[in-house]
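Work through the exercises below with the sequence and the model at hand, and try each task before reading its solution.

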Amino acid sequence: MKFIEKYTTFLKKYKIIIIIIWAIILGFSIWLAPRFIAETSSDFNVPEDTPSHVANTILEEEFPEVNTQTSIVLVIQNENNSLSVLTSDIAYFCIDFNTTLRSSDYVSYISDIRGFYFMINTTLSVAAMGFVSETNTTTIVEINVNSISDTELNNFIDFVHNTIDFFKPEGYIMLLTGSHILFEDMKNASEKDIIVMDSIVLPIALIVLAIVLKSFKLMIIPIVSVGFSIATSFFLMYPVAAAMPVFSFVPSVMMSLVIALSIDYSLFLLSRYREELIRGRDNDQAVHLMMEHAGHTIGVSGLTLVICFLGLAFFPIGLLASIGIGAAVCIATTLIINLTLVPSILLLFGNFFSKFRLLRKKQAELPKDEEERKKIELEKQLKSIWFKIGKFATKYSIPIIVITLAAAIPISIQMMKMGTSIAENHILPRQADSTQAFEMLKEDFHPGMLAPMYIVIVSNQTNGIFTQDFFTTGQELIIDIVTNTDITADSFTTVFWGGGSAIPFMFVEDWINPAHPAYNETTAVLYREMVLSRYASFDNSTALVEVLPSFDPFGSYIEEWIKDTRVILEEYGGSSDYEFHLAGDTPEVVDSVDTVYEMFPLMIGIIIVIVYVLIAIMFKSVFVPLRLIVTIGLTLSWIYGIASLIFDVGIVDGIIPALQDINALYWATPVMSFSILIGLGLDYDIFLLSRVSEYRNSGYSERASIIKGLYRTGGIISMAGVIMAIAFGGMLFSTTMILNEFGFILTLAVLIDTFIIRTILVPAIMSLASRWNWWPRKLPEITKDLNDIE
């Protein structure tokens, strides 16, 4: 309390300076905040000690062009999907398309253009068939682009789009896809999500808040708070995004958190401020009591949330680390604004904010006689729904606890069965053309075309790959992988394998020997230009085996395939003189997921210890933090159990078509949501407990303190929950499934926590625990009961 007095005095003295400082920060924020979204990326930034990181490092050193080139794929399909695309219309289109690109100002960007009509009349006619689906209903054109800047690449893609539109014959679908195009569409989807939240979710949340506060004047505060919080947090994340990878949907998550918490904190602060004014306090006293009680509550809650999210920053995965940092920054910013700017505005413009119609009405209705006032307050208390719920929960505490636990058991069992997935359809925007083209590729071609994997075979000798032993070993390796896993032989391409079969060393030996007559044959020239240049290192010491799996490279089988293949590679590495490494984006993701879930239990343990210590110190109690952790754990089991039923089991697939292709939660969703679910549970619990503790310190009995605390906070908690649910519900409108999952889990968690756990179960448990709630703290003697009015 002494600190609050000193802090309030500080705010009174420097309120104008505080407001000016925030105004200056806002100016910089408006300038730099929009650049934050443009700086986001799709880089996972995997741990350095994983097998995939070691493999990819070797890949970058020996085959730098693999990671520097960008692949753009044009997917062509007849609008009537049963008709062939091998027509004169498509033949002429491909010729015009190729000629236009190669004669344009962008020709230096192009490494090569490959497709059926460019290869069918050469000795690569067999390879040409790989660019047409088995049913001849779909064909693709692959454009490999040299290393250029993102701006240059985007300009080139725009030119390709315009060229397609100009030459496109009627009756065909032509769509572009590729890793860069998919990522750009992810960024565009994130921007659209933010617009939805700004234009739909924020106004609805503010309307609900206005209904609670019943003051247009006070509504200025949350609007200012939200605006400052969004701009400042995005501004602070701009240099972070420039220094480290920040994933594309982090701005959407930050926007939801800012809207939810900023309005939530404003509700807690302003409802207490309004309450104190109605009680007859002057403006300065009302601000002081607001900071002493509500300010203290949101301070502890916000600090705990920041710590919980910073736990994600210690994961060596760019996706989770960026979400953790982004969330921690926006929560800390929102908290600081509500604890500095908001009270400063109320203190500076007290004459404006402390005089509103509801206050005058309430003060006019307030009787002069103290006993009459207490009688009216008692009648109001007895009629309150939250007072009645408090009496019911404390009277029937044991049945409520038993029923709640019984209902939680089957749902918790389902949580134990919850699966996770690395499938790309969780992070790609559903309605984007690039996503549609990607799905067409997976259906008609090798699904791994846009996410190839690589086996890197190192001989450690110059020209070491051009020996009979190397060729034999590599060919036996591929045969073993095909035999022992569910992959087809035509998934592999390298110096010793192509088109689903081995390339004899005796042929290759002649093709690479300038003195041999076969050296100048067309097949030999094409082999050197198209195979050797891509799949052999500059000193011919290392061979690259490109793997385009016949199954989904992000599907349910891929993890098993990677682990089985690594076992085979280890066996060959131990029995030969060569090194074998599995590289590519997919092994990186698999290794990242393994690393995250190995660290996840430790993160849970650390967060539980931090929460226990903070709450124990705040309430000087051993039981309160223990009970809080148990009830939060119950909420988590319910939420993840229900999420498993929806996303794993698919109980609503028939109602929601978008869920039909989803068979598990995205791997990052449980880890991302865990921290905020802990924070949300703390938020409302601390708000309720602070009021209960306030009443108990005033001499009320245990049961009276619980019921009165719920009576005073139940309405605010429920409205805060509704506002929070609206804010998080905005993510349900996203076209990105991971945000739908995240939004569903958080929205459901808020509603269950608000209307069941904190308002019914927590009062029941506290009633049963009675005086043990506050042990070992010494409490004042009980002098008041339920019908006594403060």
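The exercises that follow deal with a helix pair, nonpolar cores, salt bridges and one strand residue.

This is a predicted model, in which local features need pLDDT of at least 70 and side-chain atom pairs count only at pLDDT 80 or more, while totals for chains, interfaces and linings use all residues. Residues are numbered from 1 along each chain as its sequence is written, and side-chain values use heavy atoms, with hydrogens and water left out.

**Exercise 1.** Determine how the axes of helix 15 and helix 16 are oriented to each other, and which residues make the contact.

Step 1: Helices (H or I, at least four residues) and strands (E, at least two) are DSSP runs, numbered from the N terminus; helix 15 spans residues 370-383 and helix 16 spans residues 385-395.
Step 2: Axes are lines fitted to C-alpha atoms, for helices over the stretch in contact, with angles that run from 0 to 180 degrees between N-to-C directions; the two axes come within 5 Å and cross at roughly 65 degrees.
Step 3: Angles under 35 degrees count as roughly parallel, over 145 as roughly antiparallel, 65 to 115 as roughly perpendicular and the rest as oblique, and helix 15 and helix 16 are therefore roughly perpendicular to each other.
Step 4: With contact meaning heavy atoms within 4.5 Å, helix 15 contributes Gln-381, Leu-382 and Lys-383, and helix 16 contributes Ile-385, Phe-387 and Lys-388.

**Exercise 2.** Find the residues with the most contacts inside the largest nonpolar core.

Step 1: A nonpolar core is a set of buried Ala, Val, Leu, Ile, Met, Phe, Trp, Tyr and Cys residues joined through side-chain atoms within 4.5 Å, where buried means under 20% relative accessible area, exposed over 50% and partly exposed in between (1.4 Å probe, protein chains only).
Step 2: The largest core has 228 residues, and those with the most contacts inside it are Phe-249, Ile-455, Val-495, Trp-561, Trp-667 and Phe-728.
Step 3: Helix 10 (residues 250-278) supplies the largest share of this core, 17 residues.
Step 4: A second, separate core of 24 residues includes Ile-72, Leu-74, Ile-143 and Leu-153.

**Exercise 3.** For the salt bridge of Arg-691 with Glu-275, establish which parts of the chain are tied together.

Step 1: Side chains of opposite charge can pair when their charged atoms come close. A salt bridge is a side-chain nitrogen of Lys or Arg within 4 Å of a carboxyl oxygen of Asp or Glu, and a search of the whole structure finds 19 of them.
Step 2: In the bridge between Arg-691 and Glu-275, the closest N and O atoms are 2.9 Å apart.
Step 3: Arg-691 lies in helix 25 (residues 668-697) and Glu-275 in helix 10, so the pair ties together parts that are 416 residues apart in sequence.
Step 4: Arg-691 is buried, with a relative accessible area of 6%, and Glu-275 is buried too, at 13%.

**Exercise 4.** Decide whether Phe-492 is buried or exposed, and list residues that Phe-492 touches.

Step 1: Phe-492 is found in strand 7 (residues 492-493).
Step 2: At 0% relative accessibility, Phe-492 counts as buried.
Step 3: Not counting residues up to four places away in sequence, Phe-492 touches, among others, Ile-455, Trp-497, Val-545 and Glu-546.
Step 4: Glu-546 also forms a salt bridge with Arg-534, the closest N and O atoms being 3.1 Å apart.
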